[in-house]
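User: I would like to learn how to read a model of protein and DNA step by step. Could we begin with a single contact and then widen the view?

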Number of protein chains: 2
Amino acid sequence: MARAGLTPERLVRAGAELADEIGFDQVTLSALARRFDVRVASLYSHLRNSQDLRTRIALLALEELADRAAAALAGRAGRDALAAFADVYRDYAREHPGRYDATRLRLDPETAAASAGVRHAEMTRAILRGYDLAEPDQTHAVRLLGSVFHGYISLEAAGGFSHSAPDTQETWTRIVDALDALLRNWPAP
Amino acid sequence: MARAGLTPERLVRAGAELADEIGFDQVTLSALARRFDVRVASLYSHLRNSQDLRTRIALLALEELADRAAAALAGRAGRDALAAFADVYRDYAREHPGRYDATRLRLDPETAAASAGVRHAEMTRAILRGYDLAEPDQTHAVRLLGSVFHGYISLEAAGGFSHSAPDTQETWTRIVDALDALLRNWPAP
DNA sequence: CTAGGTTGCCTAAAGGGTTTAGGCAAGCGC
DNA sequence: GCGCTTGCCTAAACCCTTTAGGCAACCTAG
């Protein structure tokens with residue numbers, strides 16, 4: 001009886017691929033077991049349970065996304081950095097819809113604190129250094145940027161914009177322009 | 001053998017309550033049947049299947065939300081209308097988290113076209129009449145507002161902001177201010 | 001190079017959700 | 001009051017999750 005050579009890493013990686021193919025919430029231990037031609041129970045030697053798998057996929061996706069964002073930000077500032085950052089998110093979501101969905105999984109606080117999620121927040125703040133914002137406006141702006149990027153991407157993925165006229169690429173560019181203008185001209189309270 | 005008096009409407013309403021209590025994606029025909037003290041199979045006389053239930057809950061939530069938004073917009077314009085609209089969404093999401101989640105369910109195109117979703121888009125556009133935006137900028141702005149509101153609410157619900165300093169109410173107000181400023185000063189391409 | 005222990009994958013089983021088929025009786029329309 | 005519709009039922013098949021316990025494959029020590 002040959003061994004399949006399962007490891008948590010291989011399983012999580014395959015789970016991430018599965019998520020992109022069939023959707024993050026269709027990712028199931030059963031489906032994963034089928035992919036490795038192995039019984040479901042065997043996976044429990046490597047993963048605590050189904051939720052553990054999902055969490056690990058989320059952590060993987062957050063890492064990948066943070067790595068891409070860091071690479072894109074290198075050497076850029078201001079509007080340039082903002083646009084590059086925005087595009088990384090959007091491109092990742094289009095390339096890896098399942099993984100992107102995974103990044104939206106609610107993590108418990110200590111897992112979140114140990115995740116690449118904090119790198120995302122740091123990078124967003126780094127972009128804002130190109131603009132002239134003091135606290136607490138900087139924090140408000142961090143939240144605004146996160147909201148716009150996440151909101152736009154998830155509405156776009158849900159087909160919320162699909163019907164009407166201007167294409168979504170143009171809207172995306174114009175929104176980045178608008179955010180740039182807004183950050184350069186942040187209103188006083 | 002007394003009849004339970006089930007109807008699609010009662011089931012959907014109870015399903016919506018269930019969603020608020022246990023989360024939209026925990027809403028299950030089994031749980032619903034338990035709530036009515038009825039066998040699961042009995043529900044299939046009133047609902048096509050599990051997905052049908054979820055879709056109807058989504059449609060209900062979209063209606064409720066559109067009704068609230070319409071009431072809030074009556075007699076308001078400009079920043080006032082924008083703030084009222086934003087608050088309706090946020091308050092609804094806090095009051096009815098399960099239903100709010102349901103509004104994010106992906107609907108197939110014809111269902112979406114027949115849903116209250118179109119009222120939401122119309123109202124957003126109505127708000128923009130208080131600002132001086134021609135097409136296609138108006139459409140870009142509609143998309144921006146939808147993205148911000150949805151994105152903010154879902155990040156807030158996911159606990160994405162919970163750790164840090166300025167409270168989320170203040171951020172929310174400041175973001176509305178910022179959007180108002182941006183719309184009054186929409187950058188030329 | 002083999003004896004031991006460890007660990008990987010297995011079978012078995014229990015529990016819950018979904019869905020379809022077919023049956024009996026409650027209650028409405030005549 | 002009679003019949004027919006329709007509401008809720010039992011039964012059964014299928015899928016996903018999780019735990020318990022077993023055998024064999026591999027690693028390591030001697």
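Analyst: Let us start with one pair of atoms, keeping in mind that this is a predicted model. An N or O atom in the side chain of B:Arg34 lies 3.2 Å from a phosphate oxygen of DNA strand C, and this pair counts as a polar contact because the two atoms are within 3.5 Å.

User: Which part of B:Ser30 lies 3.0 Å from a phosphate oxygen of DNA strand C?

Analyst: For B:Ser30 the atom is a backbone N or O, whereas for B:Arg34 the atom belongs to the side chain. Chain A also takes part, since a polar backbone atom of A:Arg39 is placed 2.8 Å from a phosphate oxygen of DNA strand C.

User: How many residues surround DNA strand C, and which are the closest?

Analyst: To widen the view, one goes from single atom pairs to the set of residues around the strand. DNA strand C is surrounded by 22 residues, and the closest are A:Arg3, A:Ala4, A:Gly5, A:Ser42 and B:Thr28. Of the strand's atoms that come within 4 Å of the protein, 72% are part of sugar or phosphate, while the rest are part of bases.

User: Which helix gives the most to the surface near DNA strand C?

Analyst: Helix 2 of chain B gives the most, with three residues. At least two residues each come from this helix, which spans 29–36 of chain B, and from helix 3 of chain A. Sorted by class, the surface near DNA strand C contains ten nonpolar, eight polar and four charged residues.

User: Now for the other strand: which residues are the closest to DNA strand D?

Analyst: Among the 22 residues that surround DNA strand D, the closest are A:Thr28, B:Arg3, B:Ala4, B:Gly5 and B:Ser42. Sugar and phosphate make up 70% of the atoms of this strand that come within 4 Å of the protein. Here too we can look at individual pairs: a phosphate oxygen of DNA strand D is 3.0 Å from a polar backbone atom of A:Ser30, another such pair, with A:Ser50, has a distance of 2.9 Å, and for B:Leu6 the distance from its polar backbone atom to a phosphate oxygen is 3.4 Å.

User: What do the helices of chain A supply to the surface near DNA strand D?

Analyst: Helix 2 (29–36) and helix 3 (40–43) of chain A each supply at least two residues, and helix 2 gives the most, with three residues. It helps to set this beside the record, because an annotation may be inferred rather than shown by experiment. An unreviewed UniProt entry places a "DNA-binding region" at residues 28–47 of chain A, and over that stretch the chain is 60% helix and 0% strand, with the end C-alpha atoms 12 Å apart.

User: How many residues of chain B are in contact with chain A?

Analyst: In chain B, 36 residues are in contact with 36 residues of chain A. The two chains bury about 3000 Å² between them, and 63% of that area is on carbon and sulfur atoms. On the chain B side, B:His140, B:Arg143 and B:Arg174 lose the most area to chain A, together 25% of what that side buries.

User: Finally, is B:Ala113 buried or exposed?

Analyst: B:Ala113, which sits in helix 6 (residues 109–113) of chain B, is exposed because its relative accessible area is 53%, and the cut-off for that word is over 50%.

Methods: Residues numbered from 1 in each chain as written. Chains lettered and ligands numbered in written order. Predicted model: local features only at pLDDT ≥ 70, side-chain atom pairs only at ≥ 80, totals over all residues. Heavy atoms only, no water. Near = heavy atom within 4 Å. Polar contact = N/O pair within 3.5 Å; in protein donor to acceptor, adjacent residues only side chain to side chain. Helix = DSSP H or I, 4+ residues; strand = E, 2+ residues; numbered from the N terminus. Buried < 20%, exposed > 50% of the residue type's maximum accessible area, 1.4 Å probe, protein only. Contact = heavy atoms within 4.5 Å. Buried area = accessible area lost by both parts, 1.4 Å probe. Nonpolar A, V, L, I, M, F, W, Y, C, P; charged D, E, K, R; others polar.
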